[in-house]
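Me: I'm new to reading protein models. Can you walk me through this one?

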Amino acid sequence: MGFLDFLQRNVPFLTVGMLLTFASSFGQTYFISVFAGEIRSEFGLSHGAWGTIYAAGTMVSAAVMIWSGALTDVFRVRTLSVVVLLGLALACIGMAVLPIVWLLPVIIFALRLCGQGMSSHIATVAMARWFVAARGRALSIASLGFAIGEACLPIIFVALLTVLPWRSLWLVAALILLLILPIVVKLLSQERTPQSVAEDQISTGMDGVHWSRSNVLRHWLFWLMVPAVLGPSAFGTAFFFQQVHLAEVKGWSHLELVALFPLYTATGVLAMLVSGWAIDRWGTGVLMPISQVPVGIAFLVLASADTLFVAAGSIMLMALTFGANATLPGAFWAEFYGTRHLGAIKALATAVMVLGSAIGPGLTGVLIDYGYSFPDQMIWIGIWFLMISMIVALAISRAHRSLSPSS
């Protein structure tokens, strides 16, 4: 099937994926961190205190994801997406009217669970389950919602902060979500099922088995992949979370730094589309080991960067990894463990990812309070990514022998 024919036949389902990944933006760190200065100022929080609150809400959402993520094996996308989008809209309203600081972790929990967690999880599981032969292409197209959110929302809302109160902007976010909701429901009026066409049969994983979540937890490959899942989430999140601090340390304005994000997005989109094509051609076993090398180099370079030009190059390198990361893990779990229990299995990986997004801001915030600026930390972060790449290469090289040609 040609690419244009693939798009034409699957527009409703791919659009739903894009809308859900875009909706996740309002629970992603790159959006929430736009308001970091206003939140810390209003409630008198230090970098460490704000990071700790953010980490606490995010870690609880990671724990809940282990249960809630498995619901994608039980309920249709149409049903779950309504609940999740309504929950995310209510969380945005909660942030707009937040009266006291002790409720802040609760709001962060709701934003992270419904946004970063469930919205992106539902979209990824749906694409991986609905498509087999074109799984990479489906994931890459659906993931364009991430890219659109990353490119547009930070710079738009930073600009709006100059003319509107920060709380009012959270009401705008809630309104956008409520506009997305009926579109998703309409597009899924006849929801696709995995058995709907011959191309989309449930597929097995290693050893020709439909792996259950309990079996995955007892398998060595999952645990060796945990650092590879946790790293991009932890330190990619930390980069966006500490964007205000990074700009201050480097002597750039916040708007100058945010203005580089469209470059990040453009590169990330290219990485997503190319990785989707590459997954369908070579599989995830070839791509996963090398996917984190660019971001490792990016952090090492950005640590000493003193110009926005060098920062732009580093951010584009990051985007190569994070763009590919939008498609690779979802396809990896389906390829190596099968799709029958994909929701429950992917929920574990999503919980690890969400946990990483809690660790990154919390850890880097505390280190900043102790006098270690984020650029100081970047050297060690870069080394982490390069080490993980070697571990993943060895692990997948061994596991790949268990895959049957039809997996």
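Reply: Sure! One thing up front: this is a predicted model. Let's begin with a term: a helix here is a DSSP run of at least four residues, and helices are numbered from the N terminus. With that in hand, methionine 316 sits in helix α17, which spans residues 308–325.

Me: How many helices and strands does the chain have?

Reply: There are 20 helices and 0 strands.

Me: Back to methionine 316: why does it count as partly exposed?

Reply: Partly exposed is the band between buried, under 20% relative accessible area, and exposed, over 50%. Methionine 316 has 33% relative accessibility, so it counts as partly exposed. As for the chain, 59% of its 407 residues count as buried.

Me: Which residues does methionine 316 touch, leaving out those up to four places away in sequence?

Reply: A contact means heavy atoms within 4.5 Å. On that basis methionine 316 touches Leu263 and Thr267. Take alanine 266 too: 50 residues separate it from methionine 316 in sequence, yet their C-alpha atoms are 8.5 Å apart in space. Across the chain, among contacts with a separation of 6 or more, 85% come from residues 24 or more positions apart.

Me: And what does the radius of gyration say about the chain?

Reply: You compare it with what a compact globule would have. For 407 residues that is near 22 Å, and the chain has 20 Å, so the two agree. Its C-alpha atoms fill a box of roughly 55 × 45 × 40 Å along the principal axes.

Key. Residues are numbered from 1 along each chain as its sequence is written. This is a predicted model: local features need pLDDT of at least 70, side-chain atom pairs count only at pLDDT 80 or more; totals for chains, interfaces and linings use all residues. Side-chain values use heavy atoms; hydrogens and water are left out. Helices (H or I, at least four residues) and strands (E, at least two) are DSSP runs, numbered from the N terminus. Buried means under 20% relative accessible area, exposed over 50%, partly exposed in between (1.4 Å probe, protein chains only). The radius of gyration is taken over C-alpha atoms; the globule rule is 2.2 Å times the number of residues to the power 0.38.
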